[in-house]
Amino acid sequence: MFMVLLLLGWIFVPIYMKAGVTTMPQYLRKRFGGARIQICLSALSLLLYVTTKISVDLFSGAVFLQAALGWDLYGAVAALLGVTAVYTITGGLTALMYADMVQSAVMVGGASVLAGYALTAVGGVPALFHRFPLSLPPTTQRCPHRALALKLLRPPGGDLPWPGMLLGLGATAGWYWCTDQVWDRVGLCGIRGVWGLDYMGFWGILGVWGPDYMGLGGV
């Protein structure tokens, strides 16, 4: 993710800025001409957003409100939609940036505290690396890939071969992070702001280390 976000900041965003566009559908219309490709990609992006991202975010947020406050599931969804619509329409992209900043601080802070408690409970990082391969899954049967659980690049014949991880996920990550509407806007704001490319590098570092300290509590 770190390299992909640098790719967005170094290559894609300057191209968007030079072309005077803010979205990939706009760029494709300028590049190839005609409105059909812009309309088709916009419709596909909206469909993917609604079915794979917005629906999941709303459902997870509603489940949390239901568990924490006892709200009705559909009422919680309506409340989330209403609050999001109000601060988005009134505040625009600035409000979204501040919301992302607050959410990132809460997530990083909470995950860091939880990771600290988890590491203290198991005896530190060396103890974690020593004890985790010896642990058993809930079925009390040893997992065949448990010895490779803490290795990012695994053998080609394993369950997650490194060629597929680098080539397959690299292409998918490049498509997602460099053409996604949200991250295009974030990249444009970062490049035009005072942080420049450091902004994209910072988000890349959070993306690399985020799963680690957020998952330590579960490990």
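Me: Is Leu-48 buried, partly exposed or exposed, and what is its relative accessible area?

Reply: Start with the cut-offs. Buried means under 20% relative accessible area, and exposed means over 50%. Leu-48 has a relative accessible area of 33%, so it counts as partly exposed. Keep in mind that this is a predicted model.

Me: Where does Leu-48 lie, and which residues does Leu-48 contact beyond its neighbours within four places in sequence?

Reply: Leu-48 belongs to helix 3. Its contacts, with those neighbours left aside, are Lys-53 and Trp-175.

Me: Let me step back to the whole chain. How many helices and strands does the secondary structure have?

Reply: Eight helices and zero strands. Read from the N terminus, the elements run α-α-α-α-α-α-α-α.

Me: What share of the residues in the chain is buried?

Reply: Buried residues make up 23% of the 219 in the chain. The accessible surface comes to about 14,400 Å². Carbon and sulfur atoms hold 73% of that surface.

Me: How much of the contact set is long in sequence? Take contacts with a separation of 6 or more: what percentage joins residues 24 or more positions apart?

Reply: The figure is 48%.

Me: Now the interior. Which residues make up the largest nonpolar core?

Reply: The general idea comes before the case. In soluble globular proteins, nonpolar side chains tend to be buried together. Here the largest nonpolar core has seven residues: Val-4, Leu-5, Leu-8, Val-13, Ala-173, Trp-177 and Cys-178. Helix 1 (2–19) and helix 6 are the elements that give two or more residues to this core. Helix 1 supplies the largest share, four residues.

Me: Pick one member of that core. What does Val-4 contact, leaving aside its neighbours within four places in sequence?

Reply: Val-4 is in contact with Ala-173, Gly-174, Trp-177 and Cys-178. Among them, Ala-173, Trp-177 and Cys-178 also belong to the core.

Me: On to helix 2. Which of its residues are buried?

Reply: Helix 2 covers residues 24–32, and its buried residues are Met-24, Pro-25 and Leu-28. Look down the helix axis: these buried residues fall within an arc of 100°, so they line one face of helix 2.

Me: What follows helix 2?

Reply: Gly-33 does. Its phi is positive, near 80°.

Me: Take Pro-25 from that helix. Why does Pro-25 count as buried?

Reply: Compare its value with the cut-off. Pro-25 counts as buried because its relative accessibility is 10%, and buried means under 20%. Not counting residues up to four places away in sequence, Pro-25 touches Gln-38, Leu-41 and Ser-42. Pro-25 and Ser-42 are 17 residues apart in sequence. In space, they are 6.2 Å apart, C-alpha to C-alpha.

Me: Gln-38 is on that list of contacts. Is Gln-38 buried or exposed?

Reply: Buried. Gln-38 has a relative accessible area of 19%. Gln-38 lies in helix 3, which spans residues 36–69. Leaving out residues up to four places away in sequence, Gln-38 touches Pro-25, Gln-26 and Arg-29.

Me: Last, the surface. Which residues form a nonpolar patch there?

Reply: Leu-152, Leu-153, Trp-162, Leu-166 and Leu-167 form a nonpolar patch on the surface. Together they have about 590 Å² of accessible area. One of them, Leu-166, is found in helix 6, residues 162–179. Helix 6 also gives residues to the largest nonpolar core.

Key:
Residues numbered from 1 in each chain as written. Predicted model: local features only at pLDDT ≥ 70, side-chain atom pairs only at ≥ 80, totals over all residues. Heavy atoms only, no water. Patch = residues over 30% accessible without salt bridge, like charges linked within 9 Å, V, L, I, M, F, W, Y side chains within 5 Å. Areas by Shrake-Rupley, 256 points an atom, 1.4 Å probe, with all protein chains shown as cover. Salt bridge = Lys/Arg side-chain N within 4 Å of Asp/Glu carboxyl O. Buried < 20%, exposed > 50% of the residue type's maximum accessible area, 1.4 Å probe, protein only. Contact = heavy atoms within 4.5 Å. Arc of directions from axis to C-beta. Core = buried A, V, L, I, M, F, W, Y, C linked by side-chain atoms within 4.5 Å.
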